[in-house]
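Below is a short briefing on one protein chain. The notes after the display are grouped by topic.

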Amino acid sequence: MTKEKLGQLIDLRQEIKEVQKRIDCERTGNPSRNNIELLSERMKMAAELENEITEYINTVSDSRVRRIMQYKYVDGYTWQKIANIMHYDKSYPEKAITRYLNKHS
């Protein structure tokens, strides 16, 4: 897992919502079966990646790292906010994630 991939989680969740709205509009408007199929496939792909990232975060055995990942990649907090919540120096949370990912990849 990489920080870049983890960083997609919030965007993936938003994309899933947006694609679902588009599918709903297609169905209520002038439905194009091809468009609905393409959008459904896109949503499925985004949902699979969302699940993969979420499962990865949930399987992290280090509680501190798991909490940092939750704050950053699920809740969308800044590194500074995470440091404040956890009472760390402002650079510690990102360094902890980097060390963890480098050690476990």
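**Helix α5 and the loop after it**

Ile85 sits in helix α5. The model is a predicted one. The points below take Ile85 and Lys90, then the long-range picture of helix α3, then the chain as a whole.

- Ile85 counts as partly exposed, because its relative accessibility is 33%, and partly exposed covers values between the 20% and 50% cut-offs.
- Not counting residues up to four places away in sequence, Ile85 touches Tyr71 and Tyr77.
- From Ile85 to Ile36 the C-alpha distance is 43 Å, with their positions 49 residues apart in sequence.
- Lys90 belongs to the loop between α5 (79-86) and α6.
- Lys90 is exposed, as its relative accessible area is 56%, and the cut-off for exposed is over 50%.
- With neighbours within four places in sequence left aside, the contacts of Lys90 are Trp79, Gln80 and Ala83.
- Lys90 and Gln20 are 38 Å apart, C-alpha to C-alpha, and 70 residues apart in sequence.

**Helix α3**

- Helix α3 covers residues 33-59, which makes 27 residues; at 1.5 Å a residue these should span 39 Å, and the end C-alpha atoms are 39 Å apart, so the two values agree.
- Buried residues in α3 are Ile36, Leu39, Met43, Ala46, Leu49, Glu50, Ile53, Tyr56 and Ile57.
- The cover over these buried residues includes α1 (3-6), α2 (9-28), α4 (63-74) and α6 (92-103).
- An α-helix has 3.6 residues a turn, so residues three or four places apart point the same way.
- Glu50, which lies in α3, is buried because its relative accessible area is 16%, and the cut-off for buried is under 20%.
- Beyond its neighbours within four places in sequence, Glu50 is in contact with Leu9, Leu12, Arg13 and Ile16.

**The whole chain**

- The protein chain has six helices and zero strands.
- Its radius of gyration is 17 Å, well over the 13 Å that the globule rule gives for 105 residues, so the chain is more spread out than a compact globule.
- The C-alpha trace spans about 55 × 25 × 15 Å along its principal axes.
- Of the 105 residues, 30% count as buried.
- Among contacts between residues at least 6 apart in sequence, 58% join residues at least 24 apart.
- About 7,000 Å² of the protein chain is exposed, and carbon and sulfur atoms supply 48% of that area.
- The chain carries 19 positive and 16 negative charges, and their mean positions are 7 Å apart.

Definitions and conventions:
Residues numbered from 1 in each chain as written. Predicted model: local features only at pLDDT ≥ 70, side-chain atom pairs only at ≥ 80, totals over all residues. Heavy atoms only, no water. Helix = DSSP H or I, 4+ residues; strand = E, 2+ residues; numbered from the N terminus. Expected span 1.5 Å × (residues − 1). Buried < 20%, exposed > 50% of the residue type's maximum accessible area, 1.4 Å probe, protein only. Contact = heavy atoms within 4.5 Å. Rg over C-alpha atoms; globule rule 2.2 N^0.38 Å. Areas by Shrake-Rupley, 256 points an atom, 1.4 Å probe, with all protein chains shown as cover. Lys, Arg positive; Asp, Glu negative; His and termini not counted. Charge placed at Lys NZ, Arg CZ, Asp CG, Glu CD.
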